[in-house]
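Colleague: I'm new to reading models like this one. Please choose a single part, look at it closely, and then show me what surrounds it.

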Amino acid sequence: MAIFAGDIPAAMLRMPGTPASAAYADESYAMARKGQLELNLGVNLVFSAAGGLVGVGFLIVAAPMLAELAINFSSFEYFWLACLGLMCAIMIGSADPLKGFLSLILGLGVGCIGIDPAAGFPRFTFGNVDLLSGINFIPTMIGVFAVSELLRGAVEIDKAGYLVQDKVGALFRGLGEVTRKYWRNFIRGSLVGTLIGALPGAGADIAAWVSYAIAKRFSKEPEKFGTGHIEGVLESTSSNNAAVGGAWIPALVFGIPGDSITAIVIGVLYMKNMNPGPTVFLQNPQFIYAVFIIFILANLLMVPLGYIAIRGARRLLGVPKNVLLPLILLFCIVGSFAMTNSPYGIVLMLVFGLIGWFLEEQGVPVAPLILGLVLGEMFEQNFMTSMIKSDGSFLAFFARPIAAVLGVSTLAIIGWTLFGALRGRGDKIAVS
Amino acid sequence: MRLDDRILALLFAALGATMIALTANFPEFPGQRYGPALFPRILGGLMIGASAILLLRASRVGGVRGVRFDPFMSDPARMTSFLLVPGAVVFYLLAAEPLGFIPTAFAMTLVMMLWFRVPVLRALVVAVAATALVNWFFGTLMRVPLPRGLFMQIVAGG
């Protein structure tokens, strides 16, 4: 749902509302300039819903099966799984894996602040009572994502995008023809999306980029891509919504977020006493099925609500930036305050807003930082448990078959990252 | 603002070293080899290692040297706009508790909008409406204990 809403400003203003819409924002905007805004938004709306349903279908089928396997997992498997998820996030998710790695370590380090999960000793708190509770990740996230964006926006307050088209006409005209012509793209996009979503650490935004690339690669008319061509939009909009359902698979079954959205979801699930992990299917099956049903309903409701959103978007997007920015800041402050019910949340938001801005200026991606912060405690707990169980023998981390497979894959990815950072890939990034 | 990657690497390495240094006084438990210091030490080590690779890479290839400031930083008006965002948050932190949420949020949004050249009347209307809406939604509906401060003492008598 949120991703589709992100498609609207992408098409109208060339400002993707969510990172997942960024892959085809240019394509959508080019379509809008060609006068095909209605067709673009109609396709986005319908195929977002359809792709989302495919993702949910896989979630419903695959999650319980995986859970049955995961119930035999011990701390070793979880340790490697968390490791693998974090490494995937760096490898696929960022342009510069080395800086992504630094960001991740920073996130894990920040996650150490507070009471240590294994021994209960307060670390890095400097006698501060607020820090004892750890770094609350919602204000941190508000800071890193929203406040840093506000800092950039404040400087360019007078440079706003402009609407290419004032009125939105019939949305669903021409949809039948597009469907007949490109139904293969829909199926491929949904499948690829679900698969990428299900990888721990990779989510909807990556799915959209990959699907866009696949669509271009296998298209009969690749030269049309970039000039306002519906094919790539259709495939990636199916893909990113399917990825949402896919990302819930590792989130529910292993408690490992597939992307930053499910990272938040896991926090919420814990708050609702629905501790994610394979046993959630034993202890709280009613909640799981509620989640499935809500997922289906949300995807179906997306069509009428999205229709209204498109109608209302013109007015909302017309609000000038100089009015919007102070209001967003106010919402950020109150939202952060509400998480801790004390000024501590606001301080966290401010500090991490500045850190996030600084890091992005240096080309350091901030998403790994958040993933590290969210996964840090579980990661450390499984690591410490494993170390204590095996009495420090590193071989025990590979003694169980699944742990061995996961471990070897993780080490391979780490090795490849380091190798790539020293050679080829990094050079281009450093120069640009 | 873009730093030389080599400076960035040194900053990260210093951070890693600080992390390790701070674990020096973490307690060890008798009969237990792995205490609370282990994980932060590993992280610190990894951070130093990755910084070293970054340092090597940045020395080998070109890129930014020294510090490159953004154009907006030499423009006082834009720099003020930039500083206004953290400034507003600091103002809120200092003023909300004594004054109360309503006057603080109102003043903050109003001043920001006026600086960003929103017409006075529109800025006033939006600031009043936004403050009232947030106060109602978060304060009343979501039961967030927004600071009452002096304002509510005067208006509601305590």
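Modeller: Here comes a close look at one helix of chain B, followed by its surroundings.

First, some housekeeping. This is a predicted model, where local features need pLDDT of at least 70 and side-chain atom pairs count only at pLDDT 80 or more, while totals for chains, interfaces and linings use all residues. Residues are numbered from 1 along each chain as its sequence is written, with chains lettered from A and ligands numbered from 1 in the order in which they are written.

Our helix is H3 of chain B, which covers residues 76-99. Helices (H or I, at least four residues) and strands (E, at least two) are DSSP runs, numbered from the N terminus. At Leu84(B) this helix has a kink of about 35 degrees, shortly before the proline Pro86(B). The bend at a residue is the angle between axes fitted to the seven residues ending there and the seven starting there. Just after H3(B) comes Gly100(B), with a positive phi near 110 degrees.

Which residues of H3(B) are buried? They are Ser81(B), Phe82(B), Leu84(B), Val85(B), Ala88(B), Val89(B), Tyr92(B), Ala96(B) and Leu99(B). Buried means that 20 or more other C-beta atoms lie within 10 Å of the residue's own; 12 or fewer is exposed, in between is partly exposed, and the C-beta atoms are placed from the backbone. Note that Leu84(B), where the kink lies, is one of these buried residues.

And what covers them? The cover includes helices from both chains: H7, H14 and H15 of chain A, plus H4 (101-115) and H6 (149-156) of chain B.

That takes us to where the chains meet. In all, 51 residues of chain A are in contact with 54 residues of chain B, contact meaning that two C-beta atoms, placed from the backbone, lie within 7 Å. Several helices of chain A supply at least two residues each to the side that touches chain B, among them H7 (137-155), H14 (321-340) and H15 (343-361). The one that gives the most is H14(A), with 11 residues. By class, this side of chain A has 40 nonpolar, six polar and five charged residues. Here Ala, Val, Leu, Ile, Met, Phe, Trp, Tyr, Cys and Pro count as nonpolar, Asp, Glu, Lys and Arg as charged, and the others, Gly among them, as polar.

Val85(B) from our helix turns up again in the largest nonpolar core, which has 173 residues. Such a core is a set of buried Ala, Val, Leu, Ile, Met, Phe, Trp, Tyr and Cys residues joined through C-beta atoms within 7 Å. Val85(B) is among the residues with the most contacts inside it, a list that also includes Ile105(A) and Ile333(A). The largest share of the core, 16 residues, comes from helix H3 (residues 37-70) of chain A. Domain 1 (2-68) and domain 2 (74-156) of chain B both give residues to the core, so it lies between them; the domain bounds come from an automatic or database domain assignment. The C-alpha centres of these two domains lie 39 Å apart. As for Ile105(A), leaving aside neighbours within four places in sequence, its contacts are Leu43(B), Leu46(B), Met47(B) and Ala50(B).

Further along chain B, Ala127(B) sits in helix H5 (residues 120-141). Ala127(B) is buried, with 25 other C-beta atoms within 10 Å. Not counting residues up to four places away, Ala127(B) touches Phe106(B), Thr109(B), Leu110(B) and Met113(B). Arg143(B), in the loop between H5 and H6 of chain B, counts as exposed, because 10 C-beta neighbours lie inside 10 Å. Its phi is near 55 degrees, a positive value in a residue other than glycine.

Finally, step back to the whole chains. Chain B has six helices and two strands, and 32% of its 158 residues count as buried. Its radius of gyration is 24 Å, while a compact globule of 158 residues would have one near 15 Å. That radius is taken over C-alpha atoms, and the globule rule is 2.2 Å times the number of residues to the power 0.38. Chain A has 18 helices and two strands. Its radius of gyration is 22 Å, close to the 22 Å that the rule gives for 432 residues, so chain A is as compact as a globular protein of that length. In chain A, 55% of the 432 residues count as buried.
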